[in-house]
Amino acid sequence: MARESFVYGLYERRLMAQIKAKKVPEHVGVILDGNRRWAKRMGFGASQGHRRGADKIEEFLGWARAAGVRIVTLWLLSTDNLSRDPAELSPLLDIIADAVDELAATRTWRLRLVGAVDLLPAPVAARLRDAVAATATGPAHDDPRMQVNIAVGYGGRQEIADAVRAVLRERAAAGASLEEVAESLSEEDITAHLYTKGQPDPDLVIRTSGEQRLSGFLLWQSVHSEYYFCEVYWPAFRRVDFLRALRDYSRRERRLGR
């Protein structure tokens, strides 16, 4: 066991040496996938898989902060997930709320909710809002802590639809007609009303569990992102898996649409 830990440590240090310091992503998005499949493989119930996945979050954020990442967006629950069997959804929501409470209690991260939180049960939405509010101490741009976006009740199409509705309401309140809004609506208008407004787009999006699709995650923001698909289920995700993703990212030539 000691030898295995020693070899593992050597491999971690080798990976870190291969990551180009100036090419660490500023913003990393993560699709935390595979909790239920991990639980099934281990002979556990779904809730145990979700709980183990929630326990992994703070450890992952520590790795990201140590690597120099400034913003992390964690997709914990999609709008599609809200249609799951209540017998599974209810404990999952409690696990998510507990995880966010624990993150907030450390005061290590500046948390932000991204998603249609109003679609959640009112008590859960209130817990999430209270936890996030407890981490805000001033303007985000003056806060040295890593920013962590908690994507709950999140869907990329939902976000874009909400952004367009927000623009329409804002312009209508200013007295603009629908025709005037349609004539002047720009990409910048929509970007300014997204859940992640004021933040840079993700440089790197990681999805665990081996699935190779985004499923609508940060649909607008990820147009120029780099993607990394990892075979490991989220509860079993290790620091070496994260370092491999960073190494892979640092070796890519980003064209950003050019």
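In the predicted model, glycine 29 of strand β1 stands opposite threonine 73 in β2. On the other pairing of this strand, glycine 29 stands opposite valine 205 in β5, and valine 28 stands opposite leucine 204, also in β5. Strand β1 thus has two partners: 5 bridges join β1 to β2, and the two strands run parallel, while 4 bridges join β1 to β5, again in parallel.

These strands belong to an open sheet of 6 strands, in which the pairing is parallel and the order is β3-β4-β2-β1-β5-β6. The edges of the sheet are formed by β3 (110–114) and β6; each has a single partner strand, so one side of each is left without a neighbour in the sheet. On average, and with direction ignored, neighbouring strands of the sheet are turned by 20° against each other.

The surroundings of β1 were examined further. In a regular strand the side chains alternate between the two faces of the sheet. In β1, His27, Gly29 and Ile31 lie on one side and Val28 and Val30 on the other, and both faces are covered, as all of these residues are buried. Because 5 of the 5 residues of β1 are buried, the strand is largely enclosed by the rest of the structure. Helix α3 lies across β1, β2 and β4 (147–154), and runs at about 155° to β2.

The loop between β1 (27–31) and α2 (35–42) contains aspartate 33. This residue has a relative accessibility of 17% and therefore counts as buried, the cut-off for buried residues being under 20%. When residues up to four places away in sequence are not counted, aspartate 33 touches Arg207, Thr208, Ser209, Glu211, Tyr233 and Trp234.

Helix α2 has a buried side and an exposed face. Asn35, Trp38 and Ala39 of α2 are buried. They are on the same side of the helix, because they cover an arc of only 100° around its axis. An α-helix has 3.6 residues a turn, so residues three or four places apart point the same way. The cover over the buried residues of α2 includes α3 (46–67). On the face of α2 turned away from the buried side are the exposed residues Lys40 and Arg41. Just after α2, glycine 43 takes a positive phi of about 80°.

The nonpolar residues of the interior were considered next. In soluble globular proteins, nonpolar side chains tend to be buried together. The largest nonpolar core of the model has 48 residues, and those with the most contacts inside it are Phe60, Leu61, Leu74, Leu120, Ile150 and Phe242. Helix α4 (residues 86–106) supplies the largest share of this core, 7 residues. A second core, separate from this one, has 11 residues, including Ala116, Ala151, Val205 and Phe217. With neighbours within four places in sequence left aside, leucine 120 is in contact with Leu77, Leu82, Leu93, Ala125, Leu128, Val152 and Gly153.

The structure also holds 12 aromatic pairs. One of these is formed by tryptophan 75 and phenylalanine 217, which are stacked, with 5.2 Å from centre to centre and 15° between the planes. This pair links distant parts of the chain, since tryptophan 75 is in strand β2 (residues 71–78) and phenylalanine 217 is in the loop between β5 (204–207) and β6 (226–229), 142 residues apart. Tryptophan 75 and phenylalanine 217 are both buried.

Tryptophan 234 and phenylalanine 237 form another aromatic pair, which is stacked because the ring centres are 5.4 Å apart and the planes lie at 20°; the limit for stacking is under 30 degrees. With a relative accessible area of 0%, tryptophan 234 is buried, and phenylalanine 237 counts as buried at 1% relative accessibility. Both residues belong to one aromatic cluster, formed by Phe60, Trp63, Trp234, Phe237 and Phe242. Two members of this cluster, Phe60 and Phe242, are also among the residues with the most contacts inside the largest nonpolar core. Another member, Trp234, is one of the residues touched by aspartate 33.

Key:
Residues are numbered from 1 along each chain as its sequence is written. This is a predicted model: local features need pLDDT of at least 70, side-chain atom pairs count only at pLDDT 80 or more; totals for chains, interfaces and linings use all residues. Side-chain values use heavy atoms; hydrogens and water are left out. A nonpolar core is a set of buried Ala, Val, Leu, Ile, Met, Phe, Trp, Tyr and Cys residues joined through side-chain atoms within 4.5 Å. Buried means under 20% relative accessible area, exposed over 50%, partly exposed in between (1.4 Å probe, protein chains only). Contact means heavy atoms within 4.5 Å. Rings of Phe, Tyr and Trp (its six-membered ring) pair if their centres lie within 6.5 Å; planes under 30 degrees apart count as stacked, over 60 as edge-to-face and the rest as tilted. The arc is that of the directions from the helix axis to the C-beta atoms. Two strands pair if DSSP finds at least two bridges between them. Axes are lines fitted to C-alpha atoms, for helices over the stretch in contact, and angles run from 0 to 180 degrees between N-to-C directions.
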